[in-house]
Structures are given as C-alpha cells and as structure tokens.
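Work through the exercises below with the structure open. Try each task before you read its solution.

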Amino acid sequence: MDVAKREKSCKANAPSPSGYSASDNLDESLLLEIFCRLPCKSAHRFKCVSKRWFSIISDSYFIQRLLLAHPQPPPFTLLFKYESNDQQKMKVLITSKEAVFRSQGFSLSFLPCFKANEKDPVNIIASCNGLLLCSSAATKACPTVYYICNPLTKQWFALPPVYHCNQEAYSGLICENEGGAKGGNGTFSINDQYKYRVVCIVRHSKTDLAVKIFSSETGIWKEIFRRYRDYYPMVYLHHQAIAYEGVLHWWSPLNRSFVTCDPYNKDGNLRFSFALNYAAMDLAFEECPGVCKGRLRLCQQLLSLTEGFSIIRVWNLEEDHDGGKWCLKHEFFLHELESEVTQLVEYARCCSVPRFRLLSVDPYDENIIYMSCLGSIVSCNMEGKTLEIVSEYPAADGNSQQSRAYPFHLPWWPTPVPSYIN
C-alpha cells in the first residue's frame with residue numbers, strides 16, 4: 001500500500017471529532033448477532049462503548065437471545081474459606097477452573113469492608129443468584145454493616161448499619177425477580193428488575209428472638225420479635241441460608257427440620273418446615289443442606305455403630321399436596337469409594353476418625369457432592385462410587401471447623417446491584 005492510500009485508510013478508521021465510528025454504519029440487527037456470540041462478561045462490558053451499544057445490550061430482547069445462546073448450566077464454583085497453614089490469615093479458595101473465576105478481576109478486595117492486613121479480610125455470609133452478602137466485623141460498640149456485591153461487575157451496595165448486641169446472627173440474602181421471559185429451551189429470568197431482602201435472626205434478649213429484615217424498596221431494617229422459648233432450636237443453625245421458592249431456609253440440627261423465613265411476608269412468617277422423619281435418622285454427626293436441580297437436598301454423614309464406618313445419606317424433598325416428604329436418594333459407606341489417589345482411598349477406609357467433611361451439594365448434578373479431606377476439596381460421584389480431587393489448599397488444619405464452603409454460580413447475565421434505594 002502506498003503512502004497516499006495508507007493515509008486515506010488511517011483517516012477513514014480514525015474517530016471523528018463528533019465521536020462517530022465505523023460501527024455506527026452497522027445495522028442494529030447485525031450488531032445484535034455479533035453481541036450474542038460474545039462471552040457474557042465481554043458483552044456486559046461493551047455497554048460502556050457508546051449510548052447505542054448500551055441501548056442494544058440493555059434491551060430485554062438481547063438478553064433473551066444471549067441466554068438462549070448459552071443453554072448449558074452457568075459457571076459454578078465453591079468459595080471455600082479456610083485458615084492458612086501459618087494460622088495468620090483466613091483465605092478464600094475458588095475451586096472452579098473456569099476462566100471467569102480464575103481471572104484477576106474475580107476478587108472481593110473492592111469492598112470497603114475488605115481489610116487486607118487483618119486475619120479475616122472479608123466476612124462472606126451468603127450467596128444468591130450471582131450476588132454475595134458480606135459484612136464488616138461487629139463489636140459491642142460498633143454496628144454491623146452488610147454489603148451486597150457482584151464480584152463479576154464489582155458493583156456493591158452498603159446497607160444501613162444494624163446492631164446485633166454482640167450476638168451471633170444467622171443471616172441470608174434472597175433476590176426476587178419481578179419480570180421474566182420464556183425461552184425455547186426452558187424458563188429463564190431477565191434479571192433487570194430485582195427486589196432484595198436480607199434477613200438476620202438473632203437472640204435479642206433472654207426472652208425474645210429478633211428477626212431483622214432489610215428491604216431494597218424501603219431502604220430500612222424492620223424488626224420482628226418472637227418469644228425465644230417457641231424457637232429455642234434456633235440457638236444453633238447451619239451457617240448457610242438457602243434461598244428456595246422465594247423463602248430463606250436454615251437447617252436446624254436440633255429440631256431436624258428447616259427454619260424458614262418469608263421476608264416478603266409482613267410478619268416474616270418464621271416457622272419450622274419439612275421435618276425429617278426421626279425413625280429414619282440414626283445419629284448424624286454432620287449435615288449439609290442445599291438445592292440441586294430446584295429441589296431441597298440434605299446430605300448426612302453418620303457413624304454406623306455396627307460396622308464402625310461412616311455412612312453418607314442424601315435426601316431429596318419431594319413436594320406434594322401435603323407439603324412434601326423426604327425421600328432417600330443415595331446411601332453408601334465411605335469405604336466403598338474408589339479413587340486414583342491412593343491416600344483418599346486410605347482415608348475413606350479409616351474407621352477410627354472421620355477424615356471427610358461434607359461441604360456442599362452440586363446445584364446441577366444429582367450424583368455429585370463435595371467434601372473436604374485434609375487439605376483437599378474432593379468431588380464424590382455417588383453413582384460411580386468414585387472420589388476426585390477438585391482443588392487443594394495449604395491449611396493449618398485440613399478439616400478445621402472454621403472452614404466453610406459457599407456454593408456460588410454466575411448467571412449468564414449479571415444480576416444488578418441496587419444503586420439507589422428510595
């Protein structure tokens with residue numbers, strides 16, 4: 001190309017003073033087809049290029065097309081929080097190897113409550129639909145500040161401070177989509193009109209239990225008080241709040257049922273639901289609730305007094321006109337499991353001390369559960385009776401009770417964080 005042609009080409013491609021670019025000549029339908037073929041994260045970022053691109057990518061029709069182009073389950077990982085081997089830091093391990101989680105942009109350091117120099121830099125509490133609920137450290141003198149954030153877009157919102165009187169609070173996050181759309185491959189949500197609720201259950205006094213509910217519509221906390229004696233099993237709940245059918249669920253080991261709270265009900269509707277049959281129980285020393293393919297699920301680890309080995313049981317809640325009943329889906333001894341890793345097989349066959357801890361169910365695969373075993377995150381295929389190491393971590397105590405796992409999945413289109421509350 002001669003100099004004259006090269007100069008002409010450069011002038012044609014250079015942006016004009018008015019901000020005009022060559023892409024402005026492209027038909028909107030063509031741009032739509034191009035954007036639909038992009039990774040979701042890139043498409044979301046391209047909203048910043050121009051007002052025209054923002055309009056196209058923000059339109060509900062584009063979001064429908066983009067979701068239909070991704071029929072497979074959205075990316076999923078466990079956020080595993082553990083104490084490092086030098087016992088100086090609490091760290092968060094991302095178990096998934098997918099690029100969206102491994103990128104440098106996936107971090108919580110953007111939150112105001114993130115304290116890099118402290119032992120526990122950030123307090124992760126719950127996850128829901130691609131969002132995390134985190135908090136600052138609370139003391140008697142200082143209230144707790146909760147943050148709703150999207151790690152993918154780095155959007156966050158601070159809730160008004162709330163006092164818990166230095167009592168442990170069981171907290172959860174739930175999102176309700178006001179809109180939605182039907183796609184050819186099933187039902188999916190267009191998450192652009194969301195309501196948010198944060199619920200905290202805390203011992204208020206010797207006689208009262210407080211249920212504190214934050215609403216994104218009002219921007220304030222509402223307190224509901226209940227007699228503590230009516231809800232005494234709530235003194236100990238499983239740490240993870242599960243959002244299921246528009247209601248938050250905490251597993252109560254003492255009552256062998258879920259504590260449920262409907263934050264969209266004016267009085268919270270706090271009650272015990274879906275009790276597990278005592279006759280089918282035995283003595284479970286560890287339990288892990290979750291949701292798999294839209295069903296409540298409960299995993300148990302029990303010690304067989306006759307065999308001397310650990311047993312894993314997995315129950316599904318099968319709902320019917322009576323509310324629902326628990327059905328046993330899997331039951332097996334740990335020593336039945338095989339693995340290419342010899343040490344895992346040895347630990348599974350150890351009957352003196354349980355070496356495995358239940359962490360989480362898989363939200364998409366009914367045959368997979370996750371466990372920790374002395375510095376490793378392990379997936380257990382209950383159908384094939386196999387163990388596989390998913391990730392490893394240099395922990396001070398491989399099975400420390402301080403370690404916790406939070407199932408986290410990213411919707412194909414980022415869930416927005418409220419930037420303004422009335």
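Leucine 30 is partly exposed, with a relative accessible area of 41%. That value comes from a predicted model, as do the others below.

**Exercise 1. Place leucine 30 and find the surface patch it belongs to.**

Step 1. Locate the residue. Leucine 30 sits in helix 2, residues 28–36.

Step 2. Check its exposure. A patch residue needs over 30% relative accessible area. Leucine 30 has 41%.

Step 3. Add the partners. Leu26, Leu30 and Ile34 make a nonpolar patch of about 220 Å².

**Exercise 2. Describe the largest nonpolar core and say which elements build it.**

Step 1. Find the best-connected members. The core has 20 residues, and Phe356, Cys380 and Leu387 touch the most other members.

Step 2. Name the suppliers. Strand 19 (310–318), helix 7 (342–348), strand 22 (357–361), strand 23 (368–372) and strand 24 (376–381) each give at least two residues.

Step 3. Pick the top contributor. Helix 7 gives the most, with three residues.

Step 4. Look elsewhere. Another core, of 19 residues, lies apart from this one; Ala126, Cys128, Leu131 and Leu159 are among its members.

Background: nonpolar side chains tend to be buried together in soluble globular proteins.

**Exercise 3. Is serine 216 buried or exposed, and which residue offers its backbone nitrogen to the serine 216 side chain at 2.9 Å?**

Step 1. Find the loop. Serine 216 lies between strand 11 (208–215) and strand 12 (221–227).

Step 2. Apply the cut-off. Buried means under 20% relative accessible area. Serine 216 has 11%, so serine 216 is buried.

Step 3. List the polar partners. The backbone nitrogen of tyrosine 196 is 2.9 Å from a polar atom of the serine 216 side chain. The side chains of serine 216 and glutamate 217 also make a polar contact, of 2.9 Å.

**Exercise 4. Compare the settings of two salt bridges, arginine 357 with glutamate 286 and glutamate 331 with arginine 313.**

Step 1. Take the pair of arginine 357 and glutamate 286. Their side chains meet at 3.7 Å, N to O. Arginine 357 is in strand 22 and glutamate 286 in strand 17 (residues 284–292), so the pair ties together parts 71 residues apart in sequence.

Step 2. Check burial. Arginine 357 is buried at 13%, and glutamate 286 is buried at 14%.

Step 3. Take the pair of glutamate 331 and arginine 313. Their N to O distance is 2.7 Å. Glutamate 331 is in strand 20 (residues 325–333) and arginine 313 in strand 19, 18 residues apart.

Step 4. Check burial again. Glutamate 331 is partly exposed at 43%, whereas arginine 313 is buried at 10%.

Definitions and conventions: Residues numbered from 1 in each chain as written. Predicted model: local features only at pLDDT ≥ 70, side-chain atom pairs only at ≥ 80, totals over all residues. Heavy atoms only, no water. Patch = residues over 30% accessible without salt bridge, like charges linked within 9 Å, V, L, I, M, F, W, Y side chains within 5 Å. Areas by Shrake-Rupley, 256 points an atom, 1.4 Å probe, with all protein chains shown as cover. Salt bridge = Lys/Arg side-chain N within 4 Å of Asp/Glu carboxyl O. Helix = DSSP H or I, 4+ residues; strand = E, 2+ residues; numbered from the N terminus. Buried < 20%, exposed > 50% of the residue type's maximum accessible area, 1.4 Å probe, protein only. Core = buried A, V, L, I, M, F, W, Y, C linked by side-chain atoms within 4.5 Å. Polar contact = N/O pair within 3.5 Å; in protein donor to acceptor, adjacent residues only side chain to side chain.
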